[in-house]
Amino acid sequence: MKKYRTYILCIMSGLLVSMWLYPDIWILDRYLAPGKDILMPPGNFIFGTDELGRSVYARIINGLGGSLKVGILTALFTFVIGIIPGITGGYYSGKTLRIGIVSVLVVIKSLFLFVYSIQLLNTGIHMVQTPAILLMFLSLLLLILLPLTGKLTGKTAGVQVNPDGMISFFTAVLSALPKFVLIIALAALFKPGLILLCFLMAIILAPGFIRIVRSEILSIRNTPYVEAAKSLGYSTFRIFVFHIVPQATPVLIVQIILQVQVAILSESALSFLGVGLPYETLTLGKLINSAREYPSCTWMTFFPVITLCSVILILRNFIEKFSDKTSNPL
Amino acid sequence: MSRSKAYLSSILSLTAVVLTVSALTFVLDSLAHFDRADIQMMEIKEQYPTIRSNDYEARYRSLRSASGSDLPDFFISLNFKCIPDSLRLIPVKEERSALQNLLLKSYSLSDIYTLRTKSFQLESFAESLPDSLINVSTRLKIFSRTLRIADNKSSLDSLAQQADTLSQEYPALTNRLADIKALLRVSVSERLQNFLPVIRWHSDNRFKFWLLHTLSGDFGTSTLTGEKVSRRIWNALPYSLLASIPGFLLAFLLSIPAGIYLRNRYWSLILWIIATTPLFVLAHLFILYFTSSDYLDWFSPRAGLKGDLPVTVYLKGYFLPVICYFLAFFPTLTLYMQASANREYTKPYVQTAKAKGLPGTYIKLKHILANAVFPHITLLGLTLPTLVSGSVLIEQIFDIPGIGKLLYESYRSSDMPVISAIVWISSLFTVLGFRLSNFLYDYIMPVRK
């Protein structure tokens, strides 16, 4: 079984991906135009038709595309949000950074300017539009040039900052908020589209990602070759990019696939409740939800469920394969 | 590092996390722009369409000050220098923004307030006119209402023209309209120094009162029903617990022997399949095949029951939700138990016991179970929030009127106070559960510390 698992995995994922990318090859139905009746599976339509006479198979392909889109986008956003805090927290764990007093003042000042410029823009008065936009650019420029100010001012006076402590405090706060409840609350507030929903889910999933990346970096930090790079006088940025991140790649891959899986699952659960995405995007959860009103038409529930389960199964298999590799690289 | 110091620091960090979570929930609440006073005033206006404008204003003010919505949002506020702090007291939103715009365009504050009082006087004069003069009184009323929401030069100019035509048509009004006209014709120029920022400190603010109310268990009133939010949550709690606690206990008790005994690959395959299948799919399939008359009519699809019913009815309703909770918890708990049992299997004392020739069952029960079960008990704390808030999916599918379903209904009707209260309570339980499991771990295994 274990010997053939890779092959089965490859074939199944290939089938699913080709279903999504090249639906024309796999559509065996002769009549794709909406029919009139609810039809049983073995017939012109391979998986039967739904209440409006649409082919369930064609809808599953569309819904699969939507679900995968949600999963991949969310994983991408989670990666973008979580990678920098994760690496910073792991690398500076147990250390304090001294930040120049000028840099602290610059941060406070630019935040103030940013809020003020937004308030100016909100008044809607024509005279202050241009100054407001200029102020906003100035504040962002100050934030971007911040590392430079830190170098210019030297180490005379400063504030002791514990970056790891700050990051773990924020992950603790974010993970204290209940995930599913929070997604529903945010969906009630924003009525999100595809990209906004993915972004909100990414914010909620990010703490777990940050924590695992942090612990991985923490173990890599103490390896001899990082010490060697440090003693050769390489810059911190170079050590991050060329020494630490490549070593953490397997863990990152596992985490990204895990985020894809969790995102697909939670999105389909949301869609099943009727909470999630707007009408345009079709996902597997929506298919299962729309079949709820027709309990006697088994095929309308069964085939989307099988597709969803197999997607989750494939992703979990990938996760296990990569986790085996990380614990046992040879 | 003494133990008391560790406890102190953990309590401090707990407080910090709770405060931050409260702030986040407050942001969630205030982003929804929910104001109970607005809704009450709309109801009052529907009940008494002929309410006098002075009375309306006074009632609106008192309602706003009672609900605290005329307070600033936070301790610190950033605003423009020409805008006074007292502007918040003006109840109607359009009038407030109109006044702000006029102030930013360098109209003087005293002029604006005089104009406002004059418009109220004019409106009450129009309301006191006899019925035979209904034409004049309607025009005057509309005129005085537009006076209060005029927010730029052109609209003020057109109002001055209207005042001219009014005084030409009805010469009796000339005296009343003369000073209004004089105020409307003030010439001003826009100046940049109006936009200078000023930072103000407010010791009384909405965040402070929200925090105090929340910590004392008062979450405000629900928009949908007008009931107390805490009352609604308290009513929903037993239904959630009735389904989640039996399911969790079943899973917890069965996972201990399952983690020790069911160690072959077939069992792990079954566990893996259960863990892979999404929970809502399982629940949906249960509803589909075990409750409808098309397939098997064994159980009832509705679990939320009240009153004095025979036990079998409750069993029929709650069996499937309990099974769903069981299936949700069982695979993870068993995997944890397996992991901790595996850790014990490799320890030297088990080798010694084997070498002594003790029977396998004896080793499993006496040595491994006793040692592997302790870390397992700490999981009790981590599942606390799920038990209390219930699963939205399970409660929605099986129609249990618990907290999850309450959340879903509040989502449907955009009932933001209930939603933020549930978010706050479940995050509090998450934090508490985490600390509880840490504490249990320290208490059970003091050696590791």
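## A loop in chain B to start with

Let's begin with Asp399(B), which sits in the loop between α18 (392-397) and α19 (403-412) of chain B. Its phi is near 60 degrees, a positive value in a residue other than glycine. Keep in mind that what you're looking at is a predicted model.

Chain A has a residue with a positive phi too: Lys191(A), at about 50 degrees, although it is not a glycine. You'll find Lys191(A) in the loop between α8 (179-190) and α9 (194-221) of chain A. Is Lys191(A) buried or exposed? Its relative accessible area is 53%, and exposed means over 50%, so Lys191(A) counts as exposed.

## Chain A as a whole

Time to zoom out. Chain A has 14 helices and two strands. Of its 330 residues, 44% count as buried. The accessible surface of chain A is about 17,200 Å², and carbon and sulfur atoms account for 70% of that.

How far along the chain do the contacts reach? Take the contacts in chain A between residues at least 6 apart in sequence: 72% of them join residues at least 24 apart.

## A buried serine

Now pick out Ser93(A), in the loop between α3 (56-91) and β1 (97-100) of chain A. Buried means under 20% relative accessible area, and Ser93(A) is at 14%, so this serine counts as buried.

Which residues does Ser93(A) touch, not counting those up to four places away in sequence? They are Asp164(A), Arg214(A), Leu218(A) and Arg221(A).

## Two nonpolar cores

The largest nonpolar core has 126 residues. The residues with the most contacts inside it come from both chains: Ile184(A), Ile264(A) and Val275(A), along with Phe280(B), Phe398(B), Ile422(B) and Val423(B).

Follow Ile184(A) for a moment, leaving aside its neighbours within four places in sequence. In chain A, this residue is in contact with Leu270(A), Leu273(A) and Val275(A). In chain B, Ile184(A) meets Val392(B), Leu407(B) and Tyr411(B). There is also a second, separate core of 38 residues, which includes Ile90(B), Leu103(B), Leu156(B) and Leu183(B).

## Two helix pairs in chain B

Two packed helices are described by the angle between their axes and the distance between the axes. Start with α4 (residues 93-104) and α5 (residues 109-128) of chain B, which pack at an angle of about 145 degrees, with axes 10 Å apart. Their crossing is right-handed. On the α4(B) side you have Glu95(B), Leu99(B), Leu102(B) and Leu103(B), and these meet Leu109(B), Ile112(B) and Arg116(B) of α5(B). Sorted by class, that contact has five nonpolar, no polar and two charged residues.

The other pair is α10 (residues 229-261) with α13 (residues 311-345), also in chain B. Here the angle is about 35 degrees and the axes are 6 Å apart. The crossing of α10(B) and α13(B) is right-handed. What kinds of residues make up the contact of α10(B) with α13(B)? The split is 23 nonpolar, six polar and no charged.

## Three partly exposed residues

Back to helix α4 of chain B, where you'll find Arg96(B). At 23% relative accessibility, Arg96(B) counts as partly exposed. Setting aside residues up to four places away in sequence, Arg96(B) touches Arg64(B), Leu87(B), Arg88(B), Ile90(B) and Pro91(B). Thr277(B) is another story: this residue lies 181 residues from Arg96(B) along the chain, and their C-alpha atoms are separated by 55 Å.

Next up is Asn54(B), in helix α3 (residues 53-67) of chain B. With a relative accessible area of 38%, Asn54(B) is partly exposed. Not counting neighbours within four places in sequence, Asn54(B) is in contact with Phe120(B) and Ser124(B). The C-alpha atoms of Asn54(B) and Glu123(B) are separated by 8.7 Å, with their places 69 residues apart along the chain.

Finally, look at Lys153(B) in helix α7 (residues 153-169) of chain B. Lys153(B) is partly exposed as well, at 36% relative accessibility. Beyond its neighbours within four places in sequence, Lys153(B) is in contact with Tyr107(B) and Val186(B). How far apart in space are Lys153(B) and Ser187(B), C-alpha to C-alpha? The distance is 9.0 Å, for two residues that are 34 apart in sequence.

Note on methods
Residues numbered from 1 in each chain as written. Chains lettered and ligands numbered in written order. Predicted model: local features only at pLDDT ≥ 70, side-chain atom pairs only at ≥ 80, totals over all residues. Heavy atoms only, no water. Helix = DSSP H or I, 4+ residues; strand = E, 2+ residues; numbered from the N terminus. Buried < 20%, exposed > 50% of the residue type's maximum accessible area, 1.4 Å probe, protein only. Contact = heavy atoms within 4.5 Å. Areas by Shrake-Rupley, 256 points an atom, 1.4 Å probe, with all protein chains shown as cover. Axes fitted to C-alpha atoms, helices over the stretch in contact; angles between N-to-C directions. Left-handed = near helix turned anticlockwise from the far one by under 90°. Nonpolar A, V, L, I, M, F, W, Y, C, P; charged D, E, K, R; others polar. Core = buried A, V, L, I, M, F, W, Y, C linked by side-chain atoms within 4.5 Å.
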